[in-house]
Amino acid sequence: MNTLIRNGTVVTATSTTQADVLILGELIAKVAPAIPENAADRIIDATGMYVIPGGIDPHTHLDMPFGGTTSADDFETGTRAAAFGGTTSIVDFAIQARGTRMRDALDTWWKKAERRACIDFGLHMIVTDLGTSGLEDMDDMVNEGVASFKLFMAYPNVLMVDDGTIFKALSQTAKNGALICMHAENGSVIDVIIARALAEGKTAPIYHALTRPPRAEAEAVHRAIAMSEIAGAPVYIVHLSSEDALNEVREARDRGVPAFAETCPQYLLLSVDELARPNFEGAKYVFTPPLRPKEHQPKLWEGLKHDHLQVVSTDHCPFCFADQKILGKDDFTKIPNGGPGIENRLQLIYHHGVNAGKLSLNRFVELTSTTPARIFGMYPKKGEIAPGSDADLVVWDPNAMHTISAKTHHMRVDYSMFEGYEVRGNARTVLSRGEVIVDNGQFLGKPGRGNYLKRAARGGAWK
Ligand code: URP
Ligand code: ZN
Ligand code: ZN
């Protein structure tokens, strides 16, 4: 079916224009004023609406084993929820189990996603072990479109790798053009602080935050960037949470280093105070890095505005309060780390960024769609409104009022981190490769329609 989106304001990272968008099959064919109605079989009237590129969330954890349980959304429920919020592509994380080949993990995650994903999806590979074949495996992954790898500087004995491994991986990406994504927290120091807290009987959720100081994040960011410079490779810091860490990224970028970073809505809008909620409710806000004192929030917004931070992702990693978060009732270290958010990213960043005058409309599109597409090797197929790009489009109603709540959200999790938050601005109609998958609160897509995104390694063209 061919579709014409008429009378809308087309907003990209670089322009805002009154234009119609003609979609032929899965692709955008034309963007121009006054395209005749007879050019298409179906007309979508976007009067008073913005037409923006579908959101790209480059940091999600669907169906992921972690902390003795598995994240509550699978590829069906998670990608459906994403679509409701205007996100049309995700990049999720496959995990290499120690002592196994990365291809085994890739096969496992393809199986999790196929027949379930409702929107297009790519995969990063979490590297836990380079062994004897790891560097070869990384090249193999790049050939399969896994153009990025995540390494952990935290979680000793679980996911953490040593600096030698990080340096070897960075050096490999200097050759194969992939990107290293870093979970930057000093895990060894944090483990000592945690052991001391537990020895003093400090077991409540708040100690999750108090045992992971901002300096432990900043130190790891500094080290990660220094190693990337020695290796001659770019680096991307995931879920950056603090002013301290941001300063490290900004300082490096000011020197011309290809260091990139994302933050997430929770770090922009929530503070460490959430972890002190009574009745164990603080566990709903246990994820890493932890929430920070609220003084960090304006610094992160400024970072987004001035391009010290390039991307807003969600780090969607949902665990139900009733039967998963509760695993840590008597010991905060046993609370599964992660929080839900895949559905609310655009609403929150639009309302608290654009409506609040902190971000321009174009910057909003850049942070939530275009730059993730560029950094993760999907541009201009994704993240753009131009002839030849995939028709992943959102008809965005800037005046729609919405109250975020677990009672109405589509994520398979029994709480919302943003319960009761009122936002103005929401996705009205969502198209994925030309197909309307959400319209006026109705899901019209199908599980399994999402395609695997074979992403390109950028070969060093990062700036
Ligand atoms: O607590 C978090 N962030 N859980 C997901 C895993 C990760 O480190 O991104
Ligand atoms: Zn992480
Ligand atoms: Zn994550």
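**How many bridges join strand β10 to β11, and in which sense do the two strands run?**

Before we work through this, some ground rules. This is a predicted model, in which local features need pLDDT of at least 70 and side-chain atom pairs count only at pLDDT 80 or more, while totals for chains, interfaces and linings use all residues. Residues are numbered from 1 along each chain as its sequence is written, chains are lettered from A and ligands numbered from 1 in the order in which they are written, and side-chain values use heavy atoms, with hydrogens and water left out.

**Exercise 1. Place β11 among its neighbours.**

Step 1. Strand β10 (residues 120-126) is joined to β11 by two bridges, and the two run parallel. Helices (H or I, at least four residues) and strands (E, at least two) are DSSP runs, numbered from the N terminus; two strands pair if DSSP finds at least two bridges between them.

Step 2. Look for Met125: its bridge partner in β11 is Phe149. Between β10 and β11 the chain passes through helix α3 (residues 134-143), and this β-α-β crossover is right-handed. That label applies if, with the strands pointing away from the viewer, the path from the first strand over the helix to the second runs clockwise.

Step 3. Now turn to strand β12 (residues 179-183), which runs parallel to β11 and is joined to it by five bridges. Here Ser148 has Leu179 as its bridge partner. With helix α4 (residues 163-176) between them, β11 and β12 make a right-handed β-α-β unit.

Step 4. Zoom out to the open sheet of eight strands, with parallel pairing and the order β6-β9-β10-β11-β12-β13-β14-β15. β6 (55-60) and β15 (311-312) stand at the edges with a single partner strand each, so one side of each has no neighbour in the sheet.

**Exercise 2. Decide how well β11 is covered.**

Step 1. In β11 (residues 148-152), five of its five residues are buried (under 20% relative accessible area, with exposed over 50% and partly exposed in between, for a 1.4 Å probe and protein chains only).

Step 2. In a regular strand the side chains alternate between the two faces of the sheet. Ser148, Lys150 and Phe152 lie on one side of β11, Phe149 and Leu151 on the other, and both faces are covered.

**Exercise 3. Describe the surroundings of ligand 1.**

Step 1. Of the 13 residues around ligand 1, the ones that come nearest are Lys150, His183, Thr288, Asp315 and Asn337 (a residue is near if one of its heavy atoms lies within 4 Å).

Step 2. Check the polar contacts, which are pairs of N or O atoms within 3.5 Å; within protein, one must be able to donate a hydrogen and the other to accept it, and residues adjacent in sequence count only if both atoms are side-chain atoms. A polar side-chain atom of His183 lies 3.0 Å from an oxygen atom of ligand 1, and one of His59 lies 3.4 Å from an oxygen atom of the ligand. From Asn337, a backbone N or O atom lies 3.1 Å from a nitrogen atom of ligand 1.

Step 3. Taken alone, ligand 1 exposes 270 Å², and the protein buries 100% of that. Accessible areas come from the Shrake-Rupley method with a 1.4 Å probe; for residues, only the protein chains shown count as cover.

**Exercise 4. Find the partners of β1.**

Step 1. Strand β1 (residues 3-11) has seven of its nine residues buried, so the rest of the structure largely encloses it.

Step 2. Seven bridges join β1 to the antiparallel strand β2 (residues 16-24), and the two form a hairpin with four residues between them.
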